[in-house]
Each structure stands twice: as structure tokens, then as C-alpha cells.
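I am opening a notebook on a protein that is new to me, and I want to go from the overall picture down to single residues.

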Amino acid sequence: QHYLDTTSLPPNPNGTRYQTTGRAYPDVAGFAAFYPFFYHGSFQPFGDGTSAATPQFAGIITLIQIQRYQKGLGPLGPLINILYKLKNGVGFDVTLGQTYAVSRSACVGDILPGFKAAEGWDPAT
């Protein structure tokens, strides 16, 4: 709620681009610009956004889980609780920049303003 109350939000015609109620997301972010990846067995030199960051983060957590199982330890459990407890040792707060979106109605894709990064939780990072 703090973010909604203190930050100018991008345009949201008829409430169709995003919601301001319910659960907010993301809880994590990752490097997601010009990110190389494999898609259906083919190397793709550049991926961007959530499509790159989400599998990257999931892969890191999977490797941690494998290490735990190999040592006879149980699963991590509710991961977000662990990350918030380790706040100062897991990463850093991105406070500058913003996201962008591509219009669904545009054939080529109009670049639309997205969410601004802010101190603490924000939808950009």
C-alpha cells in the first residue's frame, strides 16, 4: 500500500493494465535484459523481463534444494519468509529506473510507461 500511496502510477485505462487491490508481486527480481536462454532446444541470444528472470531464479532455488537433499536436509519451506529474514545478505534494493510495457493492441508494439523503482517494495523490482 505504501508504494501506491507514495508513487505516481503509470496509466491504467479502465483498470485493464494492472490491479491496485489484492496480492502484489513480484517478491523477487533478477537480471533480465539481454539474457541468453534455450527455448525448445534452440539457443536464443536475448531474452528480457519476467520470461528471463523467473526461470533464472527458479533454477537457483532448485540448485539450493538439490544441495540440501544431498546433505540429508529437508526442503527450504516458505521461501519468501527466508528471503525477507536475509534481506541485507541476499541482494540490494533497486531504487532507480522503471519498467516498460508493450501495448497488446499494437502490431509492432507501442512502448508504454511502466512502474517506477522506489525504496523498499515496488512492482518494478
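The entries below record what I looked up, beginning with the whole chain.

**Entry 1: the whole chain**

I noted before anything else that this is a predicted model, so I wrote down the confidence values early: the mean pLDDT of the protein is 79, and 86% of its residues reach 70 or more. Going through the elements, I found that confidence is lowest in helix 4, residues 87-90, at a mean of 65, and highest in helix 2, at 88. I reminded myself that predicted coordinates should not be read in detail where pLDDT is low.

I then listed the elements and got four helices and four strands, which follow the pattern α-β-β-α-α-α-β-β when read along the sequence. For burial, I recorded that 17% of the 125 residues in the protein are buried. The accessible surface comes to about 9,700 Å², and 60% of that area belongs to carbon and sulfur atoms. I also looked up the contacts with a separation of 6 or more, and residues 24 or more positions apart account for 36% of them.

**Entry 2: strands 1 and 2**

Next I turned to strand 1 and strand 2 (residues 42-47), which pair in the antiparallel sense over four bridges. As one example of a bridge, I took Phe-37, whose partner in strand 2 is Gln-44. The two strands form a hairpin with two residues between them, and in the turn I found His-40 with a positive phi of about 50°.

**Entry 3: helix 2**

I followed helix 2 over residues 50-70 and recorded 21 residues, with a reach of 30 Å from the first C-alpha to the last, which is close to the 30 Å expected at 1.5 Å a residue. Looking for its buried positions, I wrote down Ala-52, Ala-53, Ile-61 and Gln-65. Just after the helix I came to Gly-72, which takes a positive phi of about 80°.

**Entry 4: Thr-7**

I looked up Thr-7 in the loop between helix 1 (2-6) and strand 1 (35-39). Its relative accessibility is 16%, and since the cut-off for buried is under 20%, Thr-7 counts as buried. Leaving aside residues up to four places away in sequence, I found that Thr-7 touches Lys-116 and Ala-118.

**Entry 5: Asp-122**

Ala-118 came up again when I looked at Asp-122, whose side chain reaches the backbone nitrogen of Ala-118 at 3.1 Å. I placed Asp-122 in the segment after strand 4 (111-116), and I noted that Asp-122 is buried, with a relative accessible area of 1%.

**Entry 6: Asn-12**

My last stop was Asn-12, which lies in the loop between helix 1 and strand 1. Is Asn-12 buried or partly exposed? I found a relative accessibility of 24%, and because partly exposed covers values between 20% and 50%, Asn-12 counts as partly exposed.

With residues up to four places away in sequence left out, Asn-12 touches Arg-17 and Tyr-18. For Tyr-18 I could add a detail, as the side chain of Asn-12 reaches the backbone oxygen of Tyr-18 at 3.0 Å. I also compared Asn-12 with Gly-114, and the two are 102 residues apart in sequence and 10.0 Å apart in space, C-alpha to C-alpha.

Conventions
Residues numbered from 1 in each chain as written. Heavy atoms only, no water. Buried < 20%, exposed > 50% of the residue type's maximum accessible area, 1.4 Å probe, protein only. Polar contact = N/O pair within 3.5 Å; in protein donor to acceptor, adjacent residues only side chain to side chain. Expected span 1.5 Å × (residues − 1). Contact = heavy atoms within 4.5 Å. Pairing = 2+ DSSP bridges. pLDDT = per-residue confidence, 0-100. Areas by Shrake-Rupley, 256 points an atom, 1.4 Å probe, with all protein chains shown as cover.
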